[in-house]
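This report describes the fold, two helix contacts and several individual residues of one protein chain. The sequence and the structure are shown first.

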Amino acid sequence: MCWTHGRTPAKTSPMPSLPPVPSARHATTVALTALAPAAWGTTYAVTTELLPPGHPLFAGLMRALPAGLLGLALTRVLPRGDWWWKTAVLGVLNIGALFPLLFLAAERLPGGVAATLGATQPLLVAGLAVAVLHDRPTAWRWTWGVLGVLGVGLVVLGPGARLDAVGVLAGLGGTAGMAGGVVLTKRWGRPAGAGPLTLAGWQLTAGGLLLLPLALAVDGVPQHLDADAVGGYLWLGSMGGLIAYTLWFRGIARLPVGASAPLVLLSPLVAALVGIALGESLSAPQTAGFVLALAALLAAQLSPPNVPIREGQMR
């Protein structure tokens, strides 16, 4: 028993609460969704190590159209009503326009600069979510988004990084397009009877059809395809295409945009790990950047801590 002897007990301010730990179901959804950008992080290595050089648009076509047609064959569901034009819009943003813009950025910019531009996607998603979803981003989300870009920059930017106006615009355009695809996918959801595999099949087919004339006119078909090239195209179309986009659309539907968008930071991080496996090494600043980007990715999966308002701050 506590005796106050007529005095009022002193008021104590509660300690700020820690961010809530995600549930097991949430963690599983995050892990499955993260497989998509992790698979996309292997694209550069597969393209440079296995595929014929000089055919980047053809590689994008092989990644999209066969996978999309397979998705249509497996689900046997076609869009209906306004989902025809919605599929066309999402297919352009997520596939058809994204691939050429990213390839253009890769040709005119060092890989590190292009990867850093791609890492700004969480910030672009947060901005678009305000206008489209009326989702007001928190200081927690903005802070970790900026730190994520900084971390990726430390990992992939070298001292000789150069900027090219066309390349920067292409990189930002591709990143903004995919950010718009994330936000619109969240807003539109999916029609009854259409699962994530169906959406992936629709959009990969739409994007692949857009890439078809462009790839044939600009790149043409490689004259020689060896076993390595066939294996590379199969990887890009399966794990980097149909499977990755199915998991991605499943995750977007189930996760808040503030949790799903930062997962794209895994792409440059996985690319860095693949580089290490191929004989590269990370310096101390690169290692620090890797840890910082990974921390930003994980922190984005937590809800911001609820810091109680003190009496002096109430109005």
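Accessible areas follow the Shrake-Rupley method with a 1.4 Å probe, and for residues only the protein chains shown count as cover. On that basis the chain exposes about 16,400 Å², of which carbon and sulfur atoms supply 67%. The model is predicted, so local features need pLDDT of at least 70 and side-chain atom pairs count only at pLDDT 80 or more, whereas totals for chains, interfaces and linings use all residues. Residues are numbered from 1 along each chain as its sequence is written, and side-chain values use heavy atoms, with hydrogens and water left out.

**Overall fold**

The chain has 14 helices and 0 strands; helices (H or I, at least four residues) and strands (E, at least two) are DSSP runs numbered from the N terminus. Along the sequence the pattern reads α-α-α-α-α-α-α-α-α-α-α-α-α-α. Of the 315 residues, 44% are buried, where buried means under 20% relative accessible area, exposed over 50%, and partly exposed in between (1.4 Å probe, protein chains only). Contact means heavy atoms within 4.5 Å. Among contacts between residues at least 6 apart in sequence, 91% join residues at least 24 apart.

**Annotated spans**

The unreviewed UniProt entry lists "transmembrane region" for residues 87-106, 112-133, 140-159, 165-185, 197-218, 230-248, 255-278 and 290-309. UniProt positions are given in the numbering used here, feature names are shortened, and annotations may be inferred rather than shown by experiment. Two of the listed spans are described in the table.

| Span | Helix | Strand | Distance between end C-alpha atoms |
|---|---|---|---|
| Residues 165-185 | 100% | 0% | 30 Å |
| Residues 230-248 | 100% | 0% | 25 Å |

**Helix packing**

For the packing values, axes are lines fitted to C-alpha atoms, for helices over the stretch in contact, and angles run from 0 to 180 degrees between N-to-C directions. The axes of helix H1 (residues 24-40) and helix H11 (residues 227-254) come within 8 Å and cross at roughly 145 degrees. Contributors to this contact include Leu32, Leu35 and Trp40 of H1, together with Trp235, Met239 and Arg254 of H11. By class, the contact of H1 with H11 has 12 nonpolar, 4 polar and 2 charged residues; Ala, Val, Leu, Ile, Met, Phe, Trp, Tyr, Cys and Pro count as nonpolar, Asp, Glu, Lys and Arg as charged, and the others, Gly among them, as polar.

Helix H13 (residues 266-277) packs against helix H14 (residues 284-299) at an angle of about 145 degrees, with the axes 10 Å apart. Leu266, Leu269 and Leu273 of H13 meet Phe290, Ala293, Leu294 and Leu297 of H14. This contact of H13 with H14 comprises 7 nonpolar, no polar and no charged residues.

**Individual residues**

Arg76 lies in the loop between helix H3 (56-75) and helix H4 (83-96). Most residues other than glycine have a negative phi. Arg76, although not a glycine, has a positive phi of about 55 degrees. Arg76 counts as exposed because its relative accessibility is 77%.

Leu74 is found in helix H3 and is exposed, with a relative accessible area of 54%. The C-alpha atoms of Leu74 and Leu197 are separated by 8.6 Å, although these residues are 123 residues apart along the chain.

Arg136 is placed in the loop between helix H7 (121-132) and helix H8 (139-156). At 74% relative accessibility, Arg136 also counts as exposed. The C-alpha atoms of Arg136 and Ala126, 10 residues apart along the chain, are 8.0 Å from each other.
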